[in-house]
Number of protein chains: 4
Amino acid sequence: MPGGLAAPDYPAILETIFQEVQPLLSKGKVASYIPELAKVPLEQFGMALYCIDGRTFSIGDARRRFSAQSVTKLFALALAYTREDDDLWQRVGKEPSGTAFNSLVQLEYEKGIPRNPFINAGALVITDILASRFVDSEIAMLQFMRQLAADASIDFDMTVAMSELKTANRNFAIGHLIKDFGNLRNPVKTVIESYCRQCSIAMNCIELARATSFLAHYGTVPWSGVQILGRSCAKRINAVMLTCGTYDAAGEFAYRVGLPAKSGVGGGIVAVVPGELAVAVWSPGLDSTGNSLAGTYALERFTTLTSRSIF
Amino acid sequence: MPGGLAAPDYPAILETIFQEVQPLLSKGKVASYIPELAKVPLEQFGMALYCIDGRTFSIGDARRRFSAQSVTKLFALALAYTREDDDLWQRVGKEPSGTAFNSLVQLEYEKGIPRNPFINAGALVITDILASRFVDSEIAMLQFMRQLAADASIDFDMTVAMSELKTANRNFAIGHLIKDFGNLRNPVKTVIESYCRQCSIAMNCIELARATSFLAHYGTVPWSGVQILGRSCAKRINAVMLTCGTYDAAGEFAYRVGLPAKSGVGGGIVAVVPGELAVAVWSPGLDSTGNSLAGTYALERFTTLTSRSIF
Amino acid sequence: MPGGLAAPDYPAILETIFQEVQPLLSKGKVASYIPELAKVPLEQFGMALYCIDGRTFSIGDARRRFSAQSVTKLFALALAYTREDDDLWQRVGKEPSGTAFNSLVQLEYEKGIPRNPFINAGALVITDILASRFVDSEIAMLQFMRQLAADASIDFDMTVAMSELKTANRNFAIGHLIKDFGNLRNPVKTVIESYCRQCSIAMNCIELARATSFLAHYGTVPWSGVQILGRSCAKRINAVMLTCGTYDAAGEFAYRVGLPAKSGVGGGIVAVVPGELAVAVWSPGLDSTGNSLAGTYALERFTTLTSRSIF
Amino acid sequence: MPGGLAAPDYPAILETIFQEVQPLLSKGKVASYIPELAKVPLEQFGMALYCIDGRTFSIGDARRRFSAQSVTKLFALALAYTREDDDLWQRVGKEPSGTAFNSLVQLEYEKGIPRNPFINAGALVITDILASRFVDSEIAMLQFMRQLAADASIDFDMTVAMSELKTANRNFAIGHLIKDFGNLRNPVKTVIESYCRQCSIAMNCIELARATSFLAHYGTVPWSGVQILGRSCAKRINAVMLTCGTYDAAGEFAYRVGLPAKSGVGGGIVAVVPGELAVAVWSPGLDSTGNSLAGTYALERFTTLTSRSIF
């Protein structure tokens, strides 16, 4: 145990958190810019832990699948990393992006090199890399998720993908600007369609915690022993998650939660306690920064109750 | 030991690092915009550890004092925090600032609320808070440093302070812009003079490691038991250091070093291994991001050789 | 004659200018971002005047057609104005745009309302208006040009249009961003294709001077008496030309030439002496601001030799 | 007469305008950021014409002095131009500035070269030039105004100057940023104080129309024959006025009024009909762009009723 801390009583801690978040569930807002996501009922909450020793704990709606959305950017980055290694960083940065409204502004100043792989611009470059590296990159991505989560039923939600594609003008603008700077190899339309499909992957908290566990275990899947990435690469992904994983609230999130994490507008968040466990939480109501309101609070309470902040 | 890691052989590790950095010492560039700092010879390197159990290790020029510069922003923040608690965050943000050239741009868009306390704009607001809170805030700041480092001979270097003041037009521009938005209470000139004096404080690596150790010990000075800040506040400062402590290279630094750290253009860097130790390193040659070239490398090697990255 | 000035000897003045520009013809650079335009030989120069009393004067390559490119934005604006009247200004501004690199930046801050109809963003909105107002807006635009120039052989150059479409990523980025803000009614692809075709219209100096003459004659075609726009609308278009017609060099152009003008990257420029004449000039070599190098000089000499600056 | 237009009946036209503006006088807002100006009563309106043949016409409060404010930037530019000639343009641009909020942003991108002499940044550079060129530049400026207006009683209003100086943080920020880029030679404080004094000069409409008349007369004072600037320089200043003279509304102003003009937050505007006359108008209520609401309307009506638009 880090710092000689006592082993936490995870079932009790999850139960406490579950009680505490109830009043918050109605306070967030579902993402409205993707029409299909706007239909998801607010009053849901699930949480799951996957410890590297194999123990799993969960509570609430932890078995209900939801749209992983930007959480998939974490896995797309890992998959691209397996092929490109550090060459990856020639096409995408690893610095926080400052304010959200900057997306196109910064991209223009920095000549088509997105600031990091977790803003939309960066995720499009990652998607482009995958499209160049795999015969069918969408299937490759899906297989990667199925392998990491050990569940072959994980799939795209084509209704969500089509819904997002219809309102993807901002992403098309970003894609064409990157293309104009020469940092996309495939057609913009191909990349955006692939990106929307990737975002639509539906998973539940238990699956996401399991899929994330290799990042808590130095790059190796704990239950299979398969090495996905080297120790150093896994550490690097965790660092990028901490500084860039939660949109423009990365500083606030690091400050409140103190764990590397990646969030999505579907209301999911995954986080990593290096050397110990991965945690996934889901509640569809978002706060003003686009992160799950109850989910963020749940993770904050988790690090407090377990003393597992990395700081 | 975290994760059951073996106790590192710190003297051997410092010796290894010392040998490895030698070829790098001539490759950085001293800060040129403060004339007085431009005179410092490149070929110097010092490093010191202060473990919370009281052990101290050092090597090279660890007893030579240098201009702490922006490293003092860490202590100014801590001192302001002792007086304002979380009210502090109403006047300064805690998010990374995106690109360096944005300083005035972001400040204008965000109406005079600096993005974080470690960019110059934020440090001026912190200095303003201290000026409002203490009868003589510069003396208060100096006493705070002397108390934390346990050395009454620590002092301002007025030659450096005057040298910086003469070329402080950018800081004056920032200060007047913040004032225009109503986020400075004291005269701009007072704040800038006080800020330049604070930056000029001269300390060595051993003193800086000792002074930083309370942040590795949950807010309490390990050798005196004096609580400077609560556990939660100390954790928060570490989080801000990780996301914002090394100018526009915070992401790269988190990725390479994996520790909360604060750097200065004098070539010093302090970093924290929570629950274990504080480390200070110094070498005046800077890389293109304004951080000590050999110092950053030394810390990267330190976390690798000791497996002490927080990720 | 304005201010009681003597009637200029236009043939002699054109001859003088023609001699003076010869050394400049090799000094500009042809537009390189549209591959088809990059093939046009540099050493060409034509100039034509169309006086509202019907007299026409020309010199050099005044009968050689070239790609009108952004000069067509002037006529597209006029055509849209005939249908929308001042409602037009709810969807596009009439202020200069500051620096060129701002295109996407300003568009984002100003929520999809382009600064004026002569930057690309504004021209796309005008094209969108035409696409909504006419059954076949491209044919309508072509007919409008043929009518104004009194020449039924004027046509699109589909090779140029296709060449531009292939490198139109920046315009696609702009179009999708405007669409994202709800200020395009037609599909982005439709608008961009239509825009590229419009830009490809090939005309010569004599045709362009004749086509522009209604703006020197208070909105009425001088040789046919057909009123295209009201006196006030014509005056307004001239004002927008003066402040916004020559990319980011409008101030410099107003200062040197002192006439309302619209330029294109094909090397053409049209200008208006209100109450007297329209002038068109062409030379494919551009200066660093994207305006014809010899063309701008020719117009500067023209206003000096005729004392026809509006200032 | 330009274009063979009939000589207008100026007294009748002024009377018409005077009646028409009455309902508008209560609709503007006095400038509030300079406390002393905020005290001026709204319901005032004056207008004066100075024809180059010596005739003068006026109406309303045309003999009441007001704070010329930014209108003085026009004369400061002319005075600097007499000393620097076109070398002036190496230190300040002549392009419109895009949006107002850009002041510091553009200045930072363009490395301390202000976009034009009529935004505050540019006016500070002009003030700096005057401070370098004259032993006592403020007296030189005052003498220049007295000479142009033929009235030795014109003077600074030190109460207004002090009032502006107290709230000049934005200008100090701009000044220090320019200084940081090396484009100010004198101390920032000296330049700002001088600038505030220059802005405080109090004049009435008759004096301002007379003082502006040399710009309608190709650089030569019509009643004295003294040449202030060459014909080409005068034309150039008129061009800069048209594209940059009315803050971020230059396009709208050119479109509505169609004359080169310079406005000030004191509610004054001067405009030029080249070859004919200068006009000054004053009403303290401003519109949302910072230009006199009734004054702009009066000038719009003037060019309509006299057909004197330059377009």
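Between chain A and chain B the count is 4 salt bridges, a salt bridge being a side-chain nitrogen of Lys or Arg within 4 Å of a carboxyl oxygen of Asp or Glu. Before going on, please note that this is a predicted model, in which local features need pLDDT of at least 70 and side-chain atom pairs count only at pLDDT 80 or more, while totals for chains, interfaces and linings use all residues. Residues are numbered from 1 along each chain as its sequence is written, chains are lettered from A and ligands numbered from 1 in the order in which they are written, and side-chain values use heavy atoms, with hydrogens and water left out.

## Chain A with chain B

One of the salt bridges here joins the side chains of B:E252 and A:K94, at 2.9 Å from N to O. The rule also finds 18 residue pairs in polar contact across this interface, both residues at pLDDT 80 or more. A polar contact is a pair of N or O atoms within 3.5 Å; within protein, one must be able to donate a hydrogen and the other to accept it, and residues adjacent in sequence count only if both atoms are side-chain atoms.

Helices α3 (103-109), α10 (231-244) and α11 (250-256) of chain A each supply at least two residues of the side that touches chain B; helices are DSSP runs of H or I with at least four residues, numbered from the N terminus. The most comes from α10(A), with 7 residues. By class, this side of chain A divides into 19 nonpolar, 11 polar and 10 charged residues. Here Ala, Val, Leu, Ile, Met, Phe, Trp, Tyr, Cys and Pro count as nonpolar, Asp, Glu, Lys and Arg as charged, and the others, Gly among them, as polar.

In total, 40 residues of chain A are in contact with 41 residues of chain B, where contact means heavy atoms within 4.5 Å. The buried area is about 3100 Å², and carbon and sulfur atoms give 60% of it; buried area is the accessible area (1.4 Å probe) that two parts lose on being put together, summed over both. A:K235, A:Y255 and A:F311 supply 28% of what chain A buries against chain B, more than any other three residues.

## Chain D with chain C

This contact takes 41 residues from chain D and 41 residues from chain C. About 3100 Å² is buried between them, 60% of it from carbon and sulfur atoms. D:K235, D:Y255 and D:F311 supply 28% of the area that chain D buries against chain C, more than any other three residues. The count between these two chains is 4 salt bridges.

## Salt bridges by name

Over all chains, the count comes to 68 salt bridges. Three of the pairs are listed here.

| Salt bridge | N to O distance |
|---|---|
| A:R301 with A:E20 | 2.6 Å |
| B:E252 with A:K94 | 2.9 Å |
| C:D248 with D:R115 | 3.2 Å |

The pair A:R301 and A:E20 links distant parts of the chain: A:R301 lies in helix α12 (residues 293-306) of chain A and A:E20 in helix α1 (residues 10-21) of chain A, 281 residues apart.

## A helix pair in chain B

The axes of α4 (residues 120-133) and α8 (residues 188-199) of chain B come within 9 Å and cross at roughly 105°. That crossing makes α4(B) roughly perpendicular to α8(B), a label for angles of 65 to 115 degrees. The axes are lines fitted to C-alpha atoms, for helices over the stretch in contact, and angles run from 0 to 180 degrees between N-to-C directions.

Definitions and conventions
Parallel < 35°, antiparallel > 145°, perpendicular 65-115°, else oblique.
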